[in-house]
Amino acid sequence: MRRESGIDYEPVIGLEVHAQLSTRSKMFCGCPSVFGAEPNTMVCPVCLGLPGVLPVVNREAVSMAVMLGLALRCRIEATSMFARKNYFYPDCPKNYQISMYEMPLCVDGRVDLATDGESRHIGIERIHLEEDAGKLIHGSGDSSLVDFNRCGIPLVEIVSRPDIRSAAEAAEFLVRLRRILRYLGICDGNMEEGSLRCDVNVSLKEAGSDRLGTKTEIKNLNSFKAVETGIRSEIDRQTEILDKGGRIVQVTNLWDADGKRLVEMRSKEFAHDYRYFPEPDLPVLKIERQLIEKIKSELPELPFDREVRFREEYGLTAYESGVLCAERGVADYYESLVRASGDPKAGSKWVMREVLGELKSAGMEIEEFPLEPDRLAKLIVLVLDETISGPAGRDVFREMVRTGEDAEAAVARLGLRQVSDKGEIESIVDVVLRENPREVKRYREGKTKLLAFFVGQVMKLSGGKANPKVAGDIIRSRLVD
Amino acid sequence: MGLTDEELGHLEKLAKIELTAGAREKLREQLERIIEFVEQLPNVDATAYDAVYNGNELKLSLRPDEAIRCLPRDEVLAEAPGSIDGYFTVPAIIDSKDG
Amino acid sequence: MKETISLSIKELLDSYRKGEIRPLEVVRAYRERIEELEGRIGAFIYVSGDDVLKDAEKLDTVDPRSLPLYGVPVAVKDNICTRGCPTTAGSRILEGYRAPYTATAVKRLVEAGAVVMGKTNLDEFAMGSSTENSAFRATANPWNLDYAPGGSSGGSAAAVAAGMAPAALGSDTGGSIRQPASLCGVVGMKGTYGSVSRYGLIAFASSLDQIGPMARNVTDCALIFDVISGHDPNDSTSMIGYSADLSSSGGTGLRGLRIAVPRAVEGCEMSESVSDIFRKTVSTVEDEGAKVGIVDLPGLDASIACYYILANAEASSNLARYDGVRYGFRHDSDSLDGMYEKTRGEGFGEEVKRRILLGTYVLSAGYYDAYYVKAKKLQAMLREAYGKVFHEYDLVMMPTSPTPAFKLGERLEDPISMYLSDIFTTPANIAGLPAISLPAGLSQERLPIGVQLVAGARMESKLINAAVGLERLFGFREKCLPAEGEVI
């Protein structure tokens, strides 16, 4: 970060994340919470903000928020309060949003990072519940169109402390947060579809100084990549200004996904005055100790902890456990596989290469994967005990996925049973050596790499069924004479 | 404490109400007097303030997470001053949402 | 047999059960009355069409004993949503608006057998004390057509006073049921905050609003209150586990009751006739064996300021939804802000705009602590003070309104003088307590004057008991009504 001025600047970054909770109904009414329905077909008087309506809080949304608070090691407040955030906009039917302000639901948490082997954590200032707004679409010519289906869907807002120090760190924070949300099963974390949204605050301070710089805001970041690139752009922009002796002005920048750049928002006449006050239509929210204990006891193993356990229990590398724990479904699959096959290392290879590879090419989620861990385990055992070769195993895998048959059946059908019988292989080796005298001579003269050629010929003659290891051993011993 | 014309303008923007030129001055005066009137609030040392949010010791009851009723779309749009293809229409918005 | 429209609800139900009369006849009689008088009084914004006759006829197949309000005609204040007919809140911004749902309170009335006769006039968005702030018309006081009926539930009060319906629903935020009841010589009550569901009541001040009944006598009020009150899962501020059974209250009289009168009442400016009647009331109840004591209620004098800050702060937010986007009046414009500002500028009346701007002011940055928070603290203090009073006393008694009805147009120029008419009624809203106004006598000009009782939280039965006793003492209907039994 050193520039011509000789001053080092340190980025100070905070993230504000909104996650849509995957409840069945909306936050304050019984409308179905769905994505992609025909416009204005999932609304009722309450979420439409008709005269005379009142909000009623969704129990499951509260539980999910408490779950998240516990997973992020927050303190769950015994008393919290909904508040009105007042502003006019067409996607906000009451022209106020029911959110939380002075008394949020969860405070003082953290997200653990593990950047470059050195463990760090990012503080979570608060988590609170609020309702989503509708969707505004630009219509033809001089009108905009409003669809209220999304209006009222429950959101949690997660505010980090400004502990983040780089664009990469911000992206990692977001990845880990998303993983936790998915592990808990409370949000699908899809930035492109909008179930996970992220706004960023960036400021620079002089290295070694405590004085914070003016912070600017970045909005409309619609992917992890955008978050990282957008932050980097803003850091560069601010650095350039400061280097030239200029001042940072408090602005909001929008990320332009197409042009991949920051665009300054048209400045408003005045800053928003949201006139927050306690929501009079909702009494205070009291969370009992009992409920917290119950939710705590039902928390699934969290991703970071699971990664650590995988390394210790299964002897996996940091990289392997990172990949296997990225999605809860995959980690679950892996563990079932290990239980059934008894071999963590083999299981890891098979899941990382074959299963994940198959999922990627088919564009499938692990939940839809047709080959259950039990059945895959049987295949792995066949390879481990050398009933079939490794390459044959991969063929069988693909067949099992395609047809749904068991490993044994596929092996039989394709005739891939590896021949390991020494006698049988010896006869084939004899034929190969007899038919390739020139290569035999060259091998005996020192070209030991031709072993692979001989093994290949044995595989050809045996229709791929010979155990290549055994064949290799036999060839070697034959040619030593 | 008075209410200046500028302050009144600020309130108009916050409340999204356009006052006619003729009504403004009269309203400003009236508001000024009402503010004076309500200013006479005595100072109270009530520290048990948080108990007053809602002031009625009501308990917040939570609703089970069940998807139930929806309005049929024709009823949703029945009172709309402007609608097209199932959407509500408003004058075109140029800038993106803030807040 | 008494004339049909003079029957109290209790008497009406009796007649139905004896088979002496049918709902269709009753509804017709009231419709005739409305037709006869509505031109001069203007109590209604909307009078139900012929559908209401069909509703009445349908009741013929139902056993009168099975429904607590079988065949009882009611009028509904037009800030309460009713599917099937317009709900305007007395405002141009909702002119012609039809809600796709019905308020819980009205649903309960209809399920109990009541028949909705129409929607009554009100001060726009319930903001006012004379019903003159209605965008559509003013309502006249049946006792003297040059005078206002009070407000904001002036239409409901006038309808009942003029015999156009035996009962009506009003709403009370700072006295809007009790004050017009007092000015029109009828009974009006508001329950404990949370006793009646607000779902479907067009919100003015969420933490103060309550729907309540108005009728010609206390028992009729109690009958209505029993039906409309009780927890509603659609209203998170409605009390859980609350049920009223007030219609059986009323036998115990006033002997032994401990009644408190706030000291501050004496220092309040009020008409001579009001203080005369109130003083007479105090000695009458003492003669009956009640114990009357003077109490200091700290904060009572500041309660109006407190009320106007809290109510208007909430109102400024509650009325933000009227923006021309999804329903109601829209002033088209090229820009979004232009549409908002002109729609609201033209759609709202002067008083509403005043209050929205005041509410916006007290919530705005820099002023929130000085006004809103301060008012909340005062509210806490007042609640505590009232709570203490009810340890030693059963009821608080005071006048309902400092004056009898005032002339139409008299107070329009000075909003503050209008606000001061709420001085005795706002405390019960701020403290969330049940209160009732019943007619005690007439002024020199033959205008009604009411007396108010306030009880402790959830103590509606005590309230009704005492009110029935007081009603008997006043003998208002016997002494003050013209011989024919109806005012006009």
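Into which domains is chain A divided? Colour domain 1 (9–292), domain 2 (301–414) and domain 3 (422–480) of chain A separately, and you have the answer on screen. Keep in mind as you go that this is a predicted model.

**Stop one: domains 1 and 2 of chain A.** Place a marker at the C-alpha centre of domain 1 of chain A and another at that of domain 2 of chain A; the two lie 37 Å apart. Now select the residues where these domains meet: six residues of domain 1 of chain A are in contact with six residues of domain 2 of chain A. On the domain 1 side, highlight helix α2 (residues 167–184) of chain A, which gives the most, with four residues. Colour that side by class and you will find three nonpolar and three charged residues, with no polar ones.

**Stop two: chain A against chain B.** Next, show both chains and select their contacts, which involve 49 residues of chain A and 33 residues of chain B. On the side of chain A that touches chain B, the elements giving two or more residues are α1 (59–71), β8 (135–138), β9 (143–147), β13 (252–256) and β16 (285–286). Of these, β9(A) gives the most, with five residues. By class, this side of chain A has 27 nonpolar, twelve polar and ten charged residues.

**Stop three: the strands that join the chains.** Stay with β9(A) and add strand β2 (residues 87–91) of chain B to your selection. Four bridges join the two strands, which run antiparallel. To finish, pick Ser143(A) and look across to β2(B), where Pro91(B) stands opposite.

How values were computed:
Residues are numbered from 1 along each chain as its sequence is written. Chains are lettered from A and ligands numbered from 1 in the order in which they are written. This is a predicted model: local features need pLDDT of at least 70, side-chain atom pairs count only at pLDDT 80 or more; totals for chains, interfaces and linings use all residues. Two residues are in contact if their C-beta atoms, placed from the backbone, lie within 7 Å. Ala, Val, Leu, Ile, Met, Phe, Trp, Tyr, Cys and Pro count as nonpolar, Asp, Glu, Lys and Arg as charged, and the others, Gly among them, as polar. Two strands pair if DSSP finds at least two bridges between them. Domain bounds come from an automatic or database domain assignment.
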